[in-house]
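Visitor: I'd like a walk through this one, please. Whenever you put a label on something, I'll ask you to back it up.

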Amino acid sequence: MNSGIEQPEQTAQLGETLIEVENLKKHYGGGGMFESSSVKAVDGVSFSIQRGETLGLVGESGCGKSTLGRTLVRLEEATEGTISFDGTDITTLSGDELKTWRRNAQMVFQDPESSLNDRMTVGEIIREPLDAHDWKTKTERQERVLDLLTSVGLREEHYYRYPHQFSGGQRQRVGIARALALEPEFLVLDEPVSALDVSVQAKIITLLEDLQEEFDLTYLFIAHDLAVVRHICDRVAVMYLGKMMEISDTEAVYADAHNPYTRSLLSAIPHPDPSTSSHRITLPGTPPSPRDPPTGCQFSTRCPAKIRPEGYKHVDEAVWDAIERFREVVRERSRMSLSTVDRLKRQLGSFSAYDDIDETVTDLFGDLDVPTDVSEHIETAAGLVKEGRPADARDHLNDTFNGACDLKRPDFHPVGEHNHMSYCHRHESDYEDVTPVITRRTSDS
Amino acid sequence: MSREETAESARDEGDPLLSVRNLQTVFHTDRETIRAVDDVSFDVYPGETVGIVGESGSGKSVTARSIMGLVDSPGEVLPESSIRFNGQELTAFSDAEYREVRGSGIGMVFQDPQQSLNPVYTIGNQIREALEINRDITGAQATKEATKLLESVGIPDAKRRLDEHPHEFSGGMRQRAVIAMMLACEPDLLIADEPTTALDVTIQAQILDLLKDLQEERNLAILFITHDMGVIADISDRVNVMYAGQIVEKASVENLFERPEHPYTRALIESIPGEHSRGEGLNTIEGEVPTPNAPADHCRFAPRCPQAFGACDKMAPQHIDVGETVEHTAACLLYPEDKAEGERLKHHRALAGGDDVKTEVSNDE
């Protein structure tokens, strides 16, 4: 189990850095005058990948992990930042240079149904990159394809078959063979086993491991399944809302996660062992929209270890939970725009569409013993919502209840050996560490 | 420990809520008849969660659809099958009667919540519709009830959310809304077909917690179908493992993971990339799940089974008691374990009724 010590050997030999990513950003839209703010799919990440290693990239859907993977192989243009591949910045490559470089970096996609052209035979599909790059002679290409078929565990006679004649696992093998055709050094594997059954999954994982050894490949393995990642990766990076939350050696992340998000994510995996009554941290709500991320820490709206402002230390857990839920409700309401009629009504002071906020307040705070310094602010905010000014209500709540996590972005702190880094305010010396806080806050629920 | 006890105590309390016996669902094609579900039997008692786990193509979803009466031509539930719900024989029901059951007794949640929701109506509209049709609640009363339902599935600001359309909900919230709609019918049994497969782990955890809470509040029986062994371990009291249209092992969830007896279950559990880290190697099962198009006169797992022997290709294994405490059976010729091979085969033949197997299997040690 504890093979954390053995792993570095392998990477140490091949040790040098293959890919160095600096402050990479990928934003969509938001350019024109009339467009709303841009979607910040990847919002400033820096990390490196060593030659010969497998870096796992995990996170929930919409966290930007696929966008990051696609940007690394230049399927997307980076908005800002640099990606240096073997010393060259590939974000500025174009024309022939780009085409030559592309041979080095290939991608395997999640869905083998849609990433293979149904009208081409398997042989043609695998040969296509060779044709596109004018690789040697025609017969040599043919031979290369037959070789590839055997290396991914298919048979030579499969050359003339069509993708629909294959099972999901076999189709994924075809996708892998195509990616390997030009002898790349680096492969981005975007959820390569997510669409497959467990028993088939195991075979594809084994294949990927064998191929890595045979061809000295470097992998970026993107997945939402943390168990698979633990199995195949040397190091793991965890993403949330376009930002990297934690990165370290695989075992360090799984056994000794420092970041509150990583801890919640790990605790949410259902264990295939009913006797472990592991302590699950159930996160409230869903990730916020990447169009309008929180001003402070990206994870602050759901964080189980969020730092509370000075002056509210006496407030108990249940009340804080209710405050956070209420803030979410108000935040949601402030995003909705009012109809003209409602705006007119607001002018005339007869606005009533939001009167139901009282019900929400009763729901959330009804059974709780709310201290007066909290309840007065809640009432003020509810009043503002009722007048049709949820944005003001949101600001009022922000002014009152914002803590460090809401106000500024945390730094990426080194938290242990093997370049273990974590993105959280709680690693600063002014605050209590993550573990005791999470244990205390989740134990009574 | 405790879950095993609940599993047992639920069983002591009298009759099963759902009792499936000898369920056979076939699909007729030009070339062959595919036995998607082939002689499946199991019970669900009030208040318990029964899991069905298997790979794609094992027939778990068809089992669910057969119970709900949602198998259409070219599929057919063969007449020998029996599905008893609350004492009524569902297989004899007409379409109209079935609709009645679906509206009140059994609720179903599918993998993709988007498909269970109409994109052009608000969530509130759809819940109110369910209330009106199934419980005759209309008007302001319905709105009140709908708000309550939406709150009970953990959607904040429920009253305003009623006026939103499905596209304004996130994936997890949509699944919650579907569950709320289903609760509007006050079902006794909920069939959940991969309800969390399309969701992220943190959202999956929320939905699993929600289902457990609802079960406790309403004494709901849940038939939970999934391919994910982790989810099964988390939510079920009892598990049925399906392979190629048949149940190969039944056990309480603890027994299944602690003492898996059928070679397929063992292989399946070993191929999960669970707590292992790099370098330990994954166990794989060679070959693919076969299409069950021939009658089951043999063990369908035999071609992939590491422990298969001569007789496995020649006779169908019967469910044999392999557990000590609660009901635990495996359909495999390796059991009963304490007997010699010849004895075991005789035992299986006797269980099958004798006329199932014609080939005499030689009595070698």
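What follows is a chat about how some of the labels are earned.

Guide: Before we start, keep in mind that this is a predicted model.

Visitor: Fair enough. What makes Val231(B) count as buried?

Guide: The cut-off is 20 or more other C-beta atoms within 10 Å. Val231(B) has 25 C-beta neighbours inside 10 Å, so it counts as buried. This residue sits in helix α10 of chain B, residues 229-235.

Visitor: And which residues does Val231(B) touch, leaving out those up to four places away in sequence?

Guide: Contact here takes C-beta atoms within 7 Å. On that basis Val231(B) touches Pro270(A) from chain A, along with Thr196(B), Leu208(B) and Thr226(B). Arg135(B) is another matter: Val231(B) and Arg135(B) are 33 Å apart, C-alpha to C-alpha, and 96 residues apart in sequence.

Visitor: How do you know that the buried residues of α13(A) are on the same side of the helix?

Guide: First, the list: in α13 of chain A, residues 357-365, the buried ones are Ile357(A), Thr360(A), Val361(A), Leu364(A) and Phe365(A). They cover an arc of only 105° around the axis, so they are on the same side of α13(A). The general background is that an α-helix has 3.6 residues a turn, so residues three or four places apart point the same way.

Visitor: What do those buried residues pack against?

Guide: They pack against α11 (317-335) and α14 (372-386), both of chain A.

Visitor: Which residues touch the most other members of the largest nonpolar core?

Guide: That core has 202 residues, and Leu220(A), Phe221(A), Ala180(B) and Leu223(B) touch the most other members. Helix α8 of chain B, residues 171-183, gives the most to this core, with 8 residues. There's also a second, separate core of 21 residues, which includes Ala322(A), Ile357(A), Val374(A) and Leu397(A).

Visitor: Which contacts does Phe221(A) make beyond four places in sequence?

Guide: Among them are Thr54(A), Leu55(A), Gly56(A) and Leu57(A), plus Leu189(A) and Val229(A).

Visitor: How is chain A divided into domains?

Guide: Domain 1 runs over 3-268 and domain 2 over 317-402. Their C-alpha centres lie 45 Å apart.

Visitor: Last one: how many residues does each chain bring to the contact between them?

Guide: Chain A brings 44 residues and chain B brings 42. On the side of chain A that touches chain B, the largest share, 6 residues, comes from α7(A). That side divides into 15 nonpolar, 15 polar and 14 charged residues.

Definitions and conventions: Residues numbered from 1 in each chain as written. Chains lettered and ligands numbered in written order. Predicted model: local features only at pLDDT ≥ 70, side-chain atom pairs only at ≥ 80, totals over all residues. Buried ≥ 20, exposed ≤ 12 C-beta atoms within 10 Å, placed from the backbone. Helix = DSSP H or I, 4+ residues; strand = E, 2+ residues; numbered from the N terminus. Arc of directions from axis to C-beta. Contact = placed C-beta atoms within 7 Å. Core = buried A, V, L, I, M, F, W, Y, C linked by C-beta atoms within 7 Å. Domains from an automatic or database assignment. Nonpolar A, V, L, I, M, F, W, Y, C, P; charged D, E, K, R; others polar.
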